[in-house]
Amino acid sequence: MSSVTTFKDHKDTYNKDIDILLEVENLISSVPDSQKNEFKNLIDNKIMNLLDKIEHPVAAENVFGMCIGYPVTYVRYKLVDFVEKWLPYFSAVETIMNLTQDPDDLVSFRAMDICAKHKLEAALPYLSGIIDDVRESISYPKKPVGLGAQKVFKSLLDIFGVDNQEDLIMLKNYFDENGILKNNFDYEEKVPQSLIEEFEKTEEEGMILIPGGFFEYGLNENEIPDKTFDWKDAVPKQKVWLPPYFIDKYQVTNKEYDEFTEFVEEYGHIFCHPSEPEDKQHRRNTYWDDRYLDNHAVSGIDFYDAFAFARYKGKELPTEFQWEKAARGDKGNIWPWGDEFDPSQVRYSGSLYKDADVKSLNSWRKTLLKADQDKNLKAFTVDISDKTNVSPYGVVGMIGGTWEWTRSELKTKRNFHPNFKNAPFKPINNFAVLKGGSFYSHPGLMFPSYRAKDIPFCRHNEMGIRCVKNIPIYKIAQSIKKPITNKAVY
């Protein structure tokens with residue numbers, strides 16, 4: 001099976017998988033669970049074999065929901081195996097988290113074993129809530145004290161990777177403060193060359209292949225071009241490893257995005273985020289403003305909009321690591337074109353008016369307020385083909401124009417989850433990272449290492465998107481036959 005598909009193939013794959021799910025639905029209702037042997041044989045030999053043919057992540061999420069909600073315990077128990085094969089895909093992780101709270105030991109114990117096997121640190125708050133503070137439980141167990149408590153305790157120790165109280169206390173304290181265990185962004189995963197070559201030979205229209213390997217992420221303090229704004233999370237410079245990926249050469253346009261909203265209005269929220277607000281309206285907030293033209297970079301979309309558009313295209317949002325590598329190249333330029341800021345290369349606040357002075361904070365703020373009220377200003381954005389700044393890899397317009405959503409969290413730099421449904425804890429971080437600066441930006445915000453932020457449902461008129469295609473994350477996990485160590489990969 002090809003690791004990557006075209007947009008048409010992605011939709012065809014989804015439709016093929018939906019047909020499989022309809023067949024499963026008919027089969028599972030054909031034998032009552034009171035006929036124990038016949039029912040088990042149906043599940044073990046027919047249903048599971050059919051589900052193994054599922055390839056599309058959105059179709060897989062239907063099975064994840066079935067795994068959580070199906071009333072027959074044995075069905076939920078068997079479907080856990082299906083969910084495990086999709087780890088560490090974000091919605092598979094969320095499903096396993098919820099299954100640790102299943103009322104039946106047959107299911108919850110299996111989910112706990114998977115958390116331990118795959119070292120799913122997202123499970124730590126779920127499991128810790130069952131036995132209270134694991135730092136004390138290692139020597140003085142509290143109630144409950146049965147087998148379930150011991151399963152939870154063993155799973156926690158396996159996830160932390162320790163077996164003594166001193167190390168456990170140190171790691172649990174770190175997790176409580178940061179919401180994650182320590183990152184390993186520079187670890188090189190031994191992905192089979194055959195999988196990489198299969199991915200790289202795929203031709204993706206309108207996308208550029210970014211080779212795998214190490215690159216320089218962030219800057220050293222002496223390299224920060226402007227310290228007016230909050231910049232300290234852009235330092236220090238560090239080595240990061242990524243597998244190869246494709247990224248859009250240009251930003252997504254208003255026309256492309258409007259075609260997506262028409263799809264949603266006709267077919268529903270098929271490719272949307274599982275946790276997006278109910279009855280979400282995806283039309284961009286710049287739709288009614290004539291200054292935002294068809295072939296201009298889309299703006300006025302939130303994280304949920306960006307996520308849904310990417311999946312509708314059979315793609316994903318980039319991580320901030322992918323975005324920054326594509327912008328700076330393997331040598332780590334401060335800007336895509338080099339190490340000196342060139343205002344002629346970008347669409348920014350200084351481009352809104354001829355001879356605009358935006359160097360000082362006061363003059364910059366006055367320019368923004370003037371532009372907001374100026375009905376004679378013909379356009380904030382420009383045609384995507386007009387962008388002059390090009391990265392060393394040939395990616396166009398990554399600085400200026402519109403901010404671009406990523407799928408990275410601001411604090412943890414991990415995969416951003418707007419929320420885990422039924423989570424027993426408050427999220428450590430509510431912000432996704434945005435990159436690149438916009439037509440409103442001060443020059444001090446416009447270097448690729450700068451990390452902007454916003455909440456997932458905020459739709460400013462300066463937020464846009466470009467997408468990536470990756471080797472499917474669960475394929476990487478299966479190929480290396482162990483949990484993925486490098487947290488920058490997903």
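Contact here means heavy atoms within 4.5 Å. The structure in these close-ups is a predicted model.

**Figure 1. Leu368 and what it touches in helix α15.**
Here we look at Leu368, which sits in α15, the helix spanning residues 361-373. With a relative accessibility of 19%, Leu368 counts as buried, because the cut-off is under 20%. Setting aside neighbours within four places in sequence, Leu368 is in contact with Ser349 and Tyr440. Val395 is another story: 27 residues separate Leu368 and Val395 in sequence, and their C-alpha atoms are 28 Å apart in space.

**Figure 2. The open sheet β1-β4-β9.**
Three strands make up this open sheet, in the order β1-β4-β9, with antiparallel pairing. The edges belong to β1 and β9; each has a single partner strand, so one side of each has no neighbour in the sheet. On average, neighbouring strands here are turned by 25 degrees against each other, ignoring direction. Zoom in on β4 and β9 and you find three bridges between them, in the antiparallel sense. Look for Ile247, which stands opposite Val468 of β9.

**Figure 3. Helices α11 and α14 against the sheet.**
Helix α11 packs on the sheet and touches β1, β4 and β9, its direction making about 25 degrees with that of β4. Helix α14 (residues 320-328) also lies across β1, β4 and β9, but runs at about 75 degrees to β4.

**Figure 4. The buried side of α11.**
Leu195, Ile196 and Phe199 are buried residues of α11. Around the helix axis they cover an arc of only 100 degrees, which puts them on the same side of α11. And what sits over them? The cover for the buried residues of α11 includes β1, β4 (245-248), β9 and α16 (473-480).

**Figure 5. Glu204 and Lys469, a salt bridge between buried residues.**
Glu204 and Lys469 form a salt bridge, with 3.2 Å between the closest N and O atoms. Glu204 belongs to the loop between α11 (193-200) and β1 (207-210), while Lys469 is in strand β9 (residues 468-470), so the pair ties together parts that lie 265 residues apart in sequence. Glu204 is buried, at 10% relative accessible area, and Lys469 is buried too, at 5%.

**Figure 6. Arg459 and Asp305, joined by a salt bridge.**
The closest N and O atoms of Arg459 and Asp305 are 3.0 Å apart in this salt bridge. It links distant parts of the chain: Arg459 is in the loop between β7 (452-454) and β8 (463-464), and Asp305 is in helix α13 (residues 303-312), 154 residues apart. Asp305 has a relative accessibility of 0%, so it counts as buried.

**Figure 7. Asp44 and Lys78, linking α2 and α4.**
The side chains of Asp44 and Lys78 meet in a salt bridge, N to O at 3.8 Å. Asp44 is in helix α2 (residues 36-51) and Lys78 in helix α4 (residues 73-85), so the pair ties together parts that are 34 residues apart in sequence. The two partners fare differently with burial: Asp44 is partly exposed, at 28% relative accessible area, whereas Lys78 is buried, at 17%. This bridge is one of 33 salt bridges counted in the model.

**Figure 8. Helices α3 and α5 side by side.**
The axes of α3 (residues 57-69) and α5 (residues 90-99) come within 10 Å and cross at roughly 0 degrees. The two helices are therefore roughly parallel to each other. On the α3 side, the contact is made by Glu61, Phe64, Cys67 and Ile68. From α5 come Phe90, Ser91, Ala92, Thr95, Asn98 and Leu99.

**Figure 9. Strand β6, covered on both faces.**
Strand β6 (residues 432-435) has Ala432 and Leu434 on one side and Val433 and Lys435 on the other, and all of them are buried. Strand β5 (residues 403-409) pairs with β6 in the antiparallel sense over three bridges. The pairing of β6 and β7 is also antiparallel, over three bridges. Ala432 is a handy spot to find both pairings: Glu409 stands opposite Ala432, and Ala432 in turn stands opposite Asp454 of β7.

Definitions and conventions:
Residues numbered from 1 in each chain as written. Predicted model: local features only at pLDDT ≥ 70, side-chain atom pairs only at ≥ 80, totals over all residues. Heavy atoms only, no water. Salt bridge = Lys/Arg side-chain N within 4 Å of Asp/Glu carboxyl O. Helix = DSSP H or I, 4+ residues; strand = E, 2+ residues; numbered from the N terminus. Buried < 20%, exposed > 50% of the residue type's maximum accessible area, 1.4 Å probe, protein only. Arc of directions from axis to C-beta. Pairing = 2+ DSSP bridges. Axes fitted to C-alpha atoms, helices over the stretch in contact; angles between N-to-C directions. Parallel < 35°, antiparallel > 145°, perpendicular 65-115°, else oblique.
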